[in-house]
Amino acid sequence: RELKIILLILFCNFIKKLITMLTKKVENALNKQIEHEANASQFYLAMASWAETKGLEGVSSFFYRHSDEEREHMLKLIKYVNERGGHAIVPSLAKPPKVFDCLSHVFQDLLDHEVMVSREINKVVDICLKDKDYTTHNFMQWYVAEQIEEEALARHILDKLKLIGDDKGGLYLFDRDILNMNPAKN
Ligand code: FEO
C-alpha cells in the first residue's frame with residue numbers, strides 16, 4: 001500500500017513537471033535573451049573600463065554598476081529556465097569595443113543597445129503569447145518594465161550631455177552627478 005502511494009506521488013510530480021515545462025520555442029527564446037543580457041553586461045564593462053582610463057570616475061562607476069545589473073538580469077533568466085524544466089545555456093560573448101570616441105557616443109551606444117534589448121524582449125513576450133505560456137509571459141513583464149526605465153535614463157543622460165556640449169566644467173560636474181544615478185532599480 002505504501003509503495004502504491006509513493007508511486008502515485010512520483011507519477012503526480014512527473015505529470016506536474018510535464019505540465020509546467022517550457023516549450024522548446026520559449027526555452028530557445030529565453031536562451032537567446034540570456035545571451036543578450038550577457039552581451040550587454042560585457043559591453044557596459046568595456047565602457048566602464050574605458051571611462052576609468054579617462055579619469056571619469058563617476059561614469060566608470062555608473063557602467064560598472066550597470067554591467068553588474070545586466071549580469072543579474074542574465075542570472076534571473078538562467079534560474080527561471082532551469083526551474084521550468086529547461087536547460088539554460090551559458091553563451092559565448094561578443095568582443096566589445098576597446099575605445100569610444102566621446103561620452104556622447106558612449107551614452108548613445110547605451111541607448112541603442114537598450115532599444116535593441118527591448119525589441120528582443122518584446123519578441124520573447126510575443127512567443128509566450130503564441131505558445132500560451134502565460135507564466136513566462138508574466139515573468140517577462142519585469143523585464144518589460146525594466147527596459148522602460150533603462151531607456152528613459154539613457155535618454156535623460158543624453159539630453160544632459162547635449163546641454164553641456166564641450167564645456168569642461170560642465171563635464172566635470174556631470175561626472176560627479178552621475179555617481180548618484182542608478183542604472184536601474186532591481
Ligand atoms: Fe537587461 Fe538593460 O537589459
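**Exercise 1.** Is D177 buried, partly exposed or exposed? Find its salt-bridge partner as well.

*Solution.* The model is predicted: local features need pLDDT of at least 70, side-chain atom pairs count only at pLDDT 80 or more, and totals for chains, interfaces and linings use all residues. Residues are numbered from 1 along each chain as its sequence is written, and side-chain values use heavy atoms, with hydrogens and water left out.

Step 1. Recall the cut-offs: buried means under 20% relative accessible area, exposed means over 50%, and partly exposed is in between (1.4 Å probe, protein chains only).

Step 2. D177 has a relative accessible area of 36%, so D177 is partly exposed.

Step 3. A salt bridge is a side-chain nitrogen of Lys or Arg within 4 Å of a carboxyl oxygen of Asp or Glu. D177 meets R176 in such a bridge, at 3.5 Å from N to O.

Step 4. R176 is partly exposed too, at 49%, and its place is in helix α6. Helices are DSSP runs (H or I, at least four residues), as are strands (E, at least two), numbered from the N terminus.

Step 5. The C-alpha atom of R176 is 5.6 Å from that of G58, although these residues are 118 apart along the chain.

**Exercise 2.** Describe how helices α5 and α6 are placed relative to each other.

*Solution.* Step 1. Helix α5 covers residues 134-164 and helix α6 covers residues 168-177. Their axes come within 9 Å and cross at roughly 155°. Axes are lines fitted to C-alpha atoms, for helices over the stretch in contact, and angles run from 0 to 180 degrees between N-to-C directions.

Step 2. Angles under 35 degrees count as roughly parallel, over 145 as roughly antiparallel, 65 to 115 as roughly perpendicular and the rest as oblique. Therefore α5 and α6 are roughly antiparallel to each other.

Step 3. Contact means heavy atoms within 4.5 Å. From α5 the contact takes I157, K160, L161 and I164, and from α6 it takes G170, L171 and F174.

Step 4. Sort these residues: 5 are nonpolar, 1 is polar and 1 is charged. Here Ala, Val, Leu, Ile, Met, Phe, Trp, Tyr, Cys and Pro count as nonpolar, Asp, Glu, Lys and Arg as charged, and the others, Gly among them, as polar.

**Exercise 3.** What is the span of helix α4, and what phi does K132 take just after it?

*Solution.* Step 1. Helix α4 (residues 103-130) has 28 residues. The expected span is 1.5 Å times one less than the number of residues, which gives 40 Å for α4.

Step 2. From first C-alpha to last, α4 reaches 41 Å, close to the expected value.

Step 3. K132 has a phi near 55°, a positive value in a residue other than glycine. K132 is found in the loop between α4 and α5 and is exposed, at 60% relative accessibility.

**Exercise 4.** Which residues do D126 and D133 pair with in salt bridges?

*Solution.* Step 1. The whole structure has 7 salt bridges.

Step 2. D126 pairs with K130, with the closest N and O atoms 2.9 Å apart. Both lie in helix α4, 4 residues apart, about one turn of the helix. D126 is partly exposed at 38%, whereas K130 is exposed at 63%.

Step 3. D133 pairs with R84, with the closest N and O atoms 3.6 Å apart. D133 lies in the loop between α4 and α5 and R84 in the loop between α3 (57-83) and α4, so the pair ties together parts 49 residues apart in sequence.

Step 4. D133 is buried at 7%, and R84 is buried at 12%.
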